[in-house]
Amino acid sequence: MPRRGRRATDYPEPVTSLLRILRFAPELNPLYLGIAVSAMLRAMLALATPFLIGAATDRIVDAIAGRSTVAEAVTAVTWLAAAFLAVELAATAVVSVGGYWGDVMAARMRTLLSARYFDHLLHLPQRYFDTEITGRITNRLNRSITELTQFLNFFANNAFTMLLTTVAVLVISGTYWWPLAVLLAVVFPVYMWLTAKTSSRWQVWEGEKNTEIDIASGRFTEVVSQMPVVRAYNRQDTELAGFHERFGRTIGLTRAQSRWWHSMDAARRVALNVIFAVLYLLVFVRTAQGEFSVGDMVILLQLMNMAREPIFSMSYLVDSAQRAVAGSRDYFAVLSEEREEDLHARPAVVPADARTGDDAPAVRFRDVHFAYGDGEEVLSGIDFAIGRGEKVALVGESGGGKSTITNLLMGLYPVTSGRIEVFGQDVAAQDLAELRARVAAVFQEPHLFSGTVRENIAYADPDASDERVRAAARAAYADRFVSEFPDGYEQLIGERGLRLSGGQRQRIAVARAVLKDAPVLILDEATSSLDTKSERLVQTALDELMVGRSSLIVAHRLSTIASVDRIVTLRKGRVQEVGTPAELAVSGGIYSQLLELQQAGTKQARKLLKEYGISG
Ligand SMILES: Nc1ncnc2c1ncn2[C@@H]1O[C@H](COP(=O)(O)OP(=O)(O)OP(=O)(O)O)[C@@H](O)[C@H]1O
Ligand SMILES: [Mg+2]
């Protein structure tokens with residue numbers, strides 16, 4: 001899909017990109033070879049047919065002219081017919097085997113390309129997903145891969161046959177009479193040039209169409225996954241209208257594109273028709289003049305016909321090659337995005353007072369600055385530590401950067417400057433998988449996967465025993481409601497867990513983190529969807545869970561916050577205070593203000609508390 005605004009030189013050359021695809025999957029080389037050989041055999045077998053028919057024609061003409069007996073001619077043509085049958089049978093066998101290999105090659109290619117793409121997406125930095133739309137990612141993948149696979153299959157099946165047929169036809173017709181070969185030889189480059197010219201302009205329209213379709217599909221996926229919102233706001237008609245408009249534009253584009261294509265195609269065909277008419281005329285005239293026998297004429301006419309086929313498939317080849325190049329551009333553009341490991345790895349600058357031994361705190365932020373992409377700084381000089389076994393709460397207004405701090409701790413985004421240490425090791429310099437193995441998180445939005453309750457709880461360890469799954473569920477106070485499901489732990493919960501209530505989803509998410517059993521625990525509003533009673537129960541369980549672990553808690557109840565070891569308050573992206581709840585209660589900072597507001601209990605106070613996500 002050509003994207004305007006980018007220079008063509010940003011992209012690999014067509015040939016390099018195609019070679020890249022071939023090199024991409026060297027394990028498929030034997031299959032390519034098999035397909036190419038079968039294609040060549042097919043071409044050679046096809047070349048035998050004109051000669052068999054030509055020979056038969058000459059025998060019959062001889063018999064009619066009285067140069068041989070009818071019986072002799074019949075015997076000869078019987079043998080020729082048998083040979084014809086043998087050739088056709090062999091061709092059928094070769095075509096079938098080649099077709100089978102082609103299918104297998106296409107399936108393996110598709111698997112390889114898709115898996116490579118998915119593998120890469122799984123390792124792209126979180127930033128990539130903040131700016132891309134799911135539906136577009138999948139749509140583009142499908143198109144790129146379909147076009148690449150189709151081209152490779154077509155290429156392997158036809159390129160060699162075409163080449164072989166073309167050369168053979170040229171040589172053979174040249175041995176009969178050289179002007180025939182010259183005329184035929186002119187046809188190929190002219191035709192190819194016209195096709196390439198047609199196709200490159202055609203591709204621009206195709207790119208515009210694909211952009212429209214990608215946008216519409218991206219929206220489509222979003223709408224389908226947020227149907228209740230669409231319904232609640234009565235936006236079905238407008239969503240449909242937008243979708244329709246995008247697709248509607250493809251009709252206009254298709255008109256222009258198709259007009260161009262078919263007028264160019266008509267011109268090409270006319271040129272070809274003229275050349276072939278001249279060729280036929282030459283053959284007829286020379287036969288009439290006695291230069292060629294009738295048999296020769298039959299052979300030549302069939303060879304001319306055989307030459308037409310590769311010319312027409314050549315246009316398809318050029319066309320599908322250009323599509324494949326466009327598709328591979330999108331494909332390789334994604335693949336050339338840097339993986340998070342590569343972006344992430346940077347040499348550790350070890351501060352003088354860094355400790356890596358057993359006395360290092362579980363988590364330490366040192367003068368951390370951070371901005372999402374090119375946006376404004378969200379965190380400016382964050383400094384705090386969580387000791388081993390300590391519970392630390394983050395308090396700050398909505399949008400103040402609490403979830404951002406938890407994201408950084410999991411290495412989802414690289415810090416702009418400063419340093420985060422987990423057990424004394426720089427997050428930016430350690431293996432991401434190792435880092436994440438040490439941290440269990442309950443996210444602010446507890447998205448689950450379609451599948452069963454069990455699969456979701458055991459996401460960290462699919463081989464976990466039923467006992468462990470149940471124990472995790474019990475700790476999250478989920479065992480009770482799960483057991484009441486008709487299918488218990490095997491209950492299907494729908495895409496993203498949509499068949500559960502908000503509170504149930506949250507408790508499954510807590511159970512998922514419990515089962516992970518990591519030394520650092522992040523709870524970002526882990527109990528916000530629960531009523532006071534359930535929350536207290538889950539909180540008790542979490543308190544037990546937090547024993548011996550180091551926890552970072554973002555909570556919406558002052559009562560929860562009061563039970564932590566230390567509180568870190570944030571204001572405008574900076575740490576305002578750090579201290580025990582008792583210290584901060586009287587310090588005059590955010591926390592003490594919140595406590596005062598809660599005591600006041602006025603409407604105004606409740607409103608202010610809301611801004612801090614505090615509900616009681
Ligand atoms: N993925 C993102 N890309 C760009 N900006 C973001 C992203 N996530 C958050 N932000 C911005 O960063 C700021 C901090 O957001 P963050 O989610 O950390 O706030 P928070 O303190 O967790 O708020 P809340 O209490 O409402 O959950 C906000 O201004 C938000 O708009
Ligand atoms: Mg948040």
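**Tyr117, Tyr331 and Phe332 gather into one aromatic cluster.** This close-up comes from a predicted model, in which local features need pLDDT of at least 70 and side-chain atom pairs count only at pLDDT 80 or more, while totals for chains, interfaces and linings use all residues; side-chain values use heavy atoms, with hydrogens and water left out. To find your way around, residues are numbered from 1 along each chain as its sequence is written, and chains are lettered from A and ligands numbered from 1 in the order in which they are written. Rings of Phe, Tyr and Trp (its six-membered ring) pair if their centres lie within 6.5 Å; planes under 30 degrees apart count as stacked, over 60 as edge-to-face and the rest as tilted. Searching the whole structure turns up 16 aromatic pairs.

**Tyr128 and Phe129 make an edge-to-face aromatic pair.** Their ring centres are 5.3 Å apart, and the planes stand at 85 degrees to each other. How do these two neighbours compare with the cut-offs for burial? Buried means under 20% relative accessible area, exposed over 50%, and partly exposed in between (1.4 Å probe, protein chains only). The accessible areas come from the Shrake-Rupley method with a 1.4 Å probe, and for residues only the protein chains shown count as cover. Tyr128 is buried at 8%, whereas Phe129 is partly exposed at 32%.

**Phe243 and Phe247 form a tilted aromatic pair.** Here the centres are 4.9 Å apart and the planes meet at 50 degrees. Both residues belong to helix 8 (residues 236–288), where they sit 4 residues apart, about one turn of the helix. Helices (H or I, at least four residues) and strands (E, at least two) are DSSP runs, numbered from the N terminus. Phe243 is partly exposed, with a relative accessible area of 26%, and Phe247 is partly exposed too, at 30%.

**Ser403 and Gln444 are the protein donors of the magnesium ion (ligand 2).** The contacts come from OG of Ser403 and OE1 of Gln444, which lie 2.0 to 2.2 Å from the ion. Ser403 is in helix 11 (residues 402–409) and Gln444 in the loop between strand 6 (439–442) and helix 13 (453–457), so the pair ties together parts that are 41 residues apart in sequence. Donors are N, O and S atoms within 2.8 Å of the metal (3.2 Å for Na, K and Ca); water is not among the atoms, so sites may look incomplete. Both donor residues are partly exposed: Ser403 at 23% and Gln444 at 41%.

**Glu455 lies in helix 13.** This residue is partly exposed, with a relative accessible area of 47%. If you look across to Val469, which is 14 residues from Glu455 in sequence, the two C-alpha atoms are 9.3 Å apart in space.

**Strand 1 (residues 363–371) and strand 2 (residues 377–386) pair in the antiparallel sense.** The pairing runs over 6 bridges; two strands pair if DSSP finds at least two bridges between them. Val363 has Ile386 in strand 2 as its bridge partner. The two strands form a hairpin with 5 residues between them, and Gly373 in the turn has a positive phi of about 55 degrees.

**Arg470 and Asp479 are joined by a salt bridge.** A salt bridge is a side-chain nitrogen of Lys or Arg within 4 Å of a carboxyl oxygen of Asp or Glu, and the structure holds 25 of them. The closest N and O atoms of Arg470 and Asp479 are 3.4 Å apart. Arg470 is partly exposed at 31%, but Asp479 is buried at 14%. In another part of the salt-bridge picture, shared partners join Glu212, Glu245, Arg246 and Arg249 into one network.

**Asp62 and Arg67 meet through their side chains in a salt bridge.** The N to O distance is 3.0 Å. Asp62 is partly exposed, at 24%, while Arg67 is exposed, at 59%. A further salt bridge links the side chains of Glu495 and Arg496, 3.6 Å from N to O; Arg496 is partly exposed at 25%.

**Leu33, Val37, Leu41 and Met44 make a nonpolar surface patch of about 370 Å².** Patches are made of residues with over 30% relative accessible area and no salt bridge: like charges are joined within 9 Å, and nonpolar side chains (Val, Leu, Ile, Met, Phe, Trp, Tyr) within 5 Å. Val37 belongs to helix 2 (residues 29–64) and is partly exposed, at 41%.
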